[in-house]
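Trainee: Could you take me through one part of this model up close? I'd like to hear what is packed inside and what sits around it.

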Amino acid sequence: MIRPPVDADRDAIWAILKPVIRAGETLTEPRDMTREAALAHWLLPDRTVRVLEEDGEVLGVFYVRANQSGGGAHVANAGYVTASDATGRGVARRMCAASLELARELGFSAMQFNFVVSSNVRAVGLWRRQGFEVVGTLPGAFAHPGLGFVDALVMWRGL
């Protein structure tokens with residue numbers, strides 16, 4: 001089930017975010033980001049946040065927000081993190097589909113991912129299967145802790 005988070009979900013959301021932030025391989029958040037800072041960032045008031053829950057367990061968290069203000073406010077942006085023990089179970093696919101529907105409901109006409117780490121091949125493949133196309137490449141824009149500088153992709157699709 002996709003639903004808005006409640007205060008009781010904060011520990012589960014941090015448990016999902018923490019290993020991904022600490023690994024530093026896919027998100028741009030500082031690897032030493034605190035729990036409080038991470039939750040404040042992911043639950044900002046300008047974001048519509050949802051969790052994916054199965055059998056009472058939160059398996060993923062995502063947000064949808066305007067990519068820009070003013071003349072760019074009709075394009076959505078989103079971010080997703082799946083619990084490490086839930087990978088390979090379709091969680092990211094379901095969250096992406098739900099975020100596209102949510103973006104439509106919120107009145108957006110397109111969605112853009114500003115910074116998809118190119119070495120995150122599972123995510124890049126999933127976003128492509130969901131209809132996103134690479135519209136730009138930022139050469140060496142991401143400092144991957146194991147691979148060095150890798151490209152970041154800008155991905156877009158209409159709604």
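Mentor: Let's start with what covers the buried residues of α2: the list includes α1 (10–23), β2 (48–54), β3 (57–66) and β4 (75–82). Before going on, this is a predicted model, where local features need pLDDT of at least 70 and side-chain atom pairs count only at pLDDT 80 or more, while totals for chains, interfaces and linings use all residues. Numbering runs from 1 along each chain as its sequence is written, and side-chain values use heavy atoms, with hydrogens and water left out.

Helices here are DSSP runs of H or I with at least four residues, strands are E runs of at least two, numbered from the N terminus. In α2 (residues 35–42), the buried ones (under 20% relative accessible area, 1.4 Å probe, protein chains only) are Ala38, Leu39 and Trp42. They span an arc of only 95 degrees around the axis, taken from the directions from the axis to the C-beta atoms, so they lie on the same side of α2. As background, an α-helix has 3.6 residues a turn, so residues three or four places apart point the same way.

Now hop to β2, one of the covering elements, where you'll find Leu52. Leu52 counts as buried because its relative accessibility is 1%. Skipping neighbours within four places in sequence, Leu52 has contacts (heavy atoms within 4.5 Å) with residues including Met1, Ile2, Val58, Leu59, Val91 and Met95. Asn77 is another story: Leu52 and Asn77 are 25 residues apart in sequence and 18 Å apart in space, C-alpha to C-alpha.

Notes:
Buried < 20%, exposed > 50% of the residue type's maximum accessible area, 1.4 Å probe, protein only.
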